[in-house]
Amino acid sequence: MMDSVTGLIAGAAGGGAQANEGVEEGGGVRRRAPPIEMKLVPLEESDVTLNSDITALMLQQHVNRRKAAVYLTLTGLLIFTTAFLLGYVAFRGMCHLCRSEPDNIPLSDALGDDRQPEGAVLYMVELREMMKKYLKEERIENTLRRVSRASHPPGSSEGNALAREILQNLQNLGMDHTWTDSHYATLQFPSRTQRNTLWLVDSEGADFEEIPLDSEGYCAYSATGTATGGLVYVNYGRREDFDQLRVMGVSLNGSIAMVRVGGGVSFAEKVWLAQEAGHVGVLIYPDPADVPQDPRRLGLHSNAVISEHVHLGSGDPFTPGFPSFNHTQFPSTQSSGLPIIPAQPISANVAAKLLSQLSGAVCPRGWQGRLPYVQCVLGPGFSGVGVRRLKMAVYNSMKPVLLNNIFASIEGKVEPDHYIIIGAQRDAWGPGAVKSGVGTALLMELARTFSNMVENGFSPRRSLLFVSWDGGEFGNVGATEWLEGYLTMLHLKAVAYFSLDQAILGDDVLSVYSSPLLSHLIEGAIKQVEHPKHTGQSILSLVQRQGGWRNIVKPLYLNSGAYSFTAFGGVPAMQLHFTEDARSYPFVNTQLDSVGRLQELLQGRLGSVGRAVGELVGLMVLKLAHDHILPLDVSCYSSSAQQLSSTLSLHAAQLQSRGLSPQWVFSARGDYSRAAKNLLEAIKNSDTQDEKLARLYNTRIMRVEYYFLSQYVSVVETPFRHVFLGRGDHTLSSLADHLSQLRLEPHRFDEARFRKQLALFTWTLQGAANALSGDVWNIDNPL
């Protein structure tokens with residue numbers, strides 16, 4: 001811009017030909033004004049006498065006055081233009097701090113970006129338009145069809161061919177870096193020599209009738225062997241379901257559990273809770289009340305099964321807490337989340353056959369499904385002649401498989417060692433249109449879009465990583481093994497993770513599963529993206545009818561592709577889904593998960609929904625890649641801690657009668673709230689253009705999620721150490737559940753266990769407060 005000012009000065013010195021050339025706001029150049037042509041008016045000879053000195057002098061003065069007027073005008077214009085440009089430069093420098101006008105915040109700095117014209121600045125509004133220009137609906141659809149044309153499980157020829165193709169496509173985009181990250185992991189598959197079986201047996205244990213099973217349906221990481229016992233219907237297999245059966249006096253020990261798909265509980269959690277309740281085996285079926293089963297109306301057929309792994313954890317269960325690199329040797333061990341009882345998925349037809357023969361107490365209200373010709377009773381006995389028990393046999397086999405995660409990166413210009421990661425699962429047991437195809441198609445399109453944006457002037461402050469994960473069907477194995485390999489450094493490098501898995505399950509309702517640190521980002525994004533089903537309306541306008549954007553934000557769940565990043569790795573993460581309002585997409589985790597069925601559900605709007613998801617994630621990535629200070633809400637966990645404080649206050653008298661005091665929790669919560677508030681105040685009152693100061697603040701912000709990983713439990717025994725979002729006795733949810741027993745079932749309250757829980761949570765919260773405070777002399781810990 002100073003070159004433009006120099007050009008103005010040079011133009012004025014050269015006779016004014018360039019005096020009006022300037023720079024418009026935003027970096028554009030004004031059109032050059034036509035040169036000012038000065039003409040003297042000719043005088044009639046009759047009016048001028050050459051011999052008259054007085055007349056000549058008067059004429060000369062008249063001409064001089066006109067020249068002076070012209071020069072004064074040009075000089076004034078030059079001074080005004082120069083002052084305007086200098087003022088504009090000064091204002092532009094201040095505009096990074098403007099929060100009331102987000103569209104005027106430059107998203108790239110000219111410094112360090114050789115591909116931008118000198119002085120050019122890209123604003124958020126320009127980048128949004130650039131993203132819309134490069135995001136192509138047809139490319140999303142084409143990639144989805146390519147990925148989902150056949151089954152491609154890990155280690156298969158189809159899976160390896162797809163991996164090579166994705167790597168080549170990323171290399172063709174001209175990324176700064178592309179590479180693969182390989183792991184040998186132990187996966188479980190159906191046996192090739194023995195198929196899983198189900199038998200009705202008589203009182204002597206002899207096989208009475210075999211019930212055919214789908215040969216392709218299985219639960220990965222099920223225990224193998226046989227189990228025999230009565231059959232008990234346990235609804236969704238939630239904790240409250242088992243509690244209700246216990247209250248009703250139904251005998252569970254030694255029986256096989258019949259469980260419905262759904263209820264907000266994963267297969268792994270169903271099996272784990274059944275195992276805790278004393279069951280010796282688990283059968284899992286899709287009930288028509290939860291999963292549509294009319295093929296004529298986009299539903300499963302009644303013989304279809306839904307497969308899912310049953311490892312209560314993520315990653316390779318035989319190297320818990322360790323990365324499965326091919327050059328490492330670890331002692332033989334296994335995850336505490338592996339079940340010790342067999343589990344098997346069955347169809348609705350098989351479930352109906354078994355449940356129709358049960359005898360026993362009538363089901364509680366609300367447990368009745370929609371299986372035909374089935375009266376809801378609990379078991380465990382059978383009413384059929386000669387039938388006494390059920391026998392199940394599972395013969396799945398373990399196999400070492402080479403997994404290949406594929407990476408590509410765009411290097412940041414200011415903080416290249418800080419990454420925003422976007423990832424998706426690549427493998428699928430079946431065609432996997434929703435399970436892996438949608439995420440992979442969005443990943444490749446976002447990678448291509450950001451690559452094109454960089455070529456056309458976008459200069460990200462921080463690095464972008466695009467990752468295609470392998471082994472997702474078995475519990476996000478590829479992603480977790482990578483996390484385990486870099487666990488000690490990721491909280492210093494990874495700003496956030498966005499999972500694209502299963503992002504399109506419909507086009508009506510948006511749900512966001514997120515770390516609280518990222519939840520505010522979604523509010524800004526949904527204001528700027530058009531709803532895929534309602535042309536001309538933003539997503540926010542429809543969300544407001546549901547009660548506001550906060551109602552669509554939910555906690556991360558165990559089987560989410562983002563969960564391990566936060567609960568295990570301490571990295572803020574998010575996953576979002578579009579779903580149908582009136583009906584669900586029933587084909588996930590089946591051999592029927594195809595592009596044709598997904599397109600039929602969406603009535604041909606697959607491309608527009610893909611574009612909406614791409615824009616949502618892209619806008620959030622842009623903000624994280626640009627802002628000088630990371631826009632993460634460090635105060636968000638204060639409210640969660642406050643809720644615990646309120647609950648403890650309600651039980652204060654009962655706790656004090658047992659010699660327990662919640663005072664230390666109150667103190668730790670207060671310290672954390674003050675530390676978060678002080679940090680935000682310090683940022684507000686600082687010059688955030690100071691790169692050194694901004695980096696110091698960002699380092700503290702990036703570590704907040706990591707601070708909530710409890711340092712007092714083993715990563716091998718308790719991998720999900722996050723006290724707010726993890727699993728285990730150290731978590732806030734476990735502490736609150738145990739506290740509720742003090743009022744509801746005092747005889748089950750374990751004082752020693754509660755003291756330990758309270759200590760684990762309190763010291764983790766206090767440690768987070770101390771770390772967020774910064775230097776040790778800033779810690780508010782008065783004597």
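Here a visitor and a guide talk through a predicted model of one protein chain.

Visitor: What makes up the chain, in terms of helices and strands?

Guide: There are 23 helices and 19 strands in this predicted model. The chain has 783 residues, and 53% of them count as buried. About 34,900 Å² of the chain is exposed, with carbon and sulfur atoms supplying 52% of that area. Among contacts between residues at least 6 apart in sequence, 77% join residues at least 24 apart.

Visitor: Why are H4 and H16 called roughly perpendicular to each other?

Guide: The axes of helix H4 (residues 137-147) and helix H16 (residues 606-626) cross at roughly 105 degrees. Angles from 65 to 115 count as roughly perpendicular, and therefore H4 and H16 earn that description. Their axes also come within 8 Å.

Visitor: Which residues make the contact between H4 and H16?

Guide: From H4 come Glu137, Ile140, Glu141 and Leu144, while H16 brings Leu606, Gly607, Ser608, Gly610 and Arg611. By class, this contact of H4 with H16 holds three nonpolar, three polar and three charged residues. If you wonder where glycine falls, Gly is counted among the polar residues.

Visitor: Let us turn to the sheets. Why do S5 and S8 stand at the edges of their sheet?

Guide: That open sheet has four strands in the order S5-S6-S7-S8, with parallel pairing. Strand S5 (231-233) and strand S8 (343-345) each have a single partner strand, so one side of each is left without a neighbour in the sheet. Neighbouring strands here are turned by 25 degrees against each other on average, direction ignored.

Visitor: How do you know that S7 and S8 pair?

Guide: Two strands count as paired if there are at least two bridges between them. Strand S7 (residues 281-285) is joined to S8 by three bridges, and the two run parallel. S7 and S8 therefore meet the requirement of at least two bridges. You can look for Ile284, which stands opposite Pro345 in S8. Helix H8 (residues 348-355) packs on this sheet, touching S5, strand S6 (256-260) and S7. The direction of H8 makes about 120 degrees with that of S7.

Visitor: What makes H8 largely enclosed by the rest of the structure?

Guide: A residue is buried when its relative accessible area is under 20%. Six of the eight residues of H8 are buried, so this helix is largely enclosed by the rest of the structure. Those buried residues are Ala348, Val350, Ala351, Ala352, Leu354 and Leu355.

Visitor: Which strands stand at the edges of the antiparallel sheet, and why?

Guide: This is another open sheet of four strands, in the order S3-S2-S11-S4, and its pairing is antiparallel. Strand S3 (207-210) and strand S4 (225-229) are at the edges, because each has a single partner strand and so lacks a neighbour on one side. On average, neighbouring strands of this sheet are turned by 25 degrees against each other, direction ignored. Strand S2 (residues 197-201) is joined to S3 by three bridges, and these strands run antiparallel. Val201 stands opposite Asp207 in S3.

Visitor: Why is S19 described as mostly covered?

Guide: Strand S19 covers residues 573-579, and six of its seven residues are buried. With under 20% relative accessible area as the cut-off for buried, S19 is therefore mostly covered.

Visitor: How many bridges join S17 to S19?

Guide: Six bridges join strand S17 (residues 509-514) to S19, and the two run antiparallel. Ser511 has His577 as its bridge partner in S19.

Visitor: In which sense does S16 pair with S19?

Guide: Strand S16 (residues 504-505) pairs with S19 in the parallel sense, over two bridges. Because pairing asks for at least two bridges, those two bridges are enough. Here Ile504 has Phe578 in S19 as its bridge partner. Strand S15 (residues 494-499) also runs parallel to S19, with three bridges joining them, and Ser499 is partnered with Gln575.

Visitor: What makes S17 largely enclosed?

Guide: Five of the six residues of S17 are buried, so S17 is largely enclosed by the rest of the structure. S17 is also joined to strand S18 (residues 553-554) by two bridges, and they run parallel. In that pair, Tyr513 has Lys554 of S18 as its bridge partner.

Methods:
Residues numbered from 1 in each chain as written. Predicted model: local features only at pLDDT ≥ 70, side-chain atom pairs only at ≥ 80, totals over all residues. Heavy atoms only, no water. Axes fitted to C-alpha atoms, helices over the stretch in contact; angles between N-to-C directions. Contact = heavy atoms within 4.5 Å. Buried < 20%, exposed > 50% of the residue type's maximum accessible area, 1.4 Å probe, protein only. Areas by Shrake-Rupley, 256 points an atom, 1.4 Å probe, with all protein chains shown as cover. Parallel < 35°, antiparallel > 145°, perpendicular 65-115°, else oblique.
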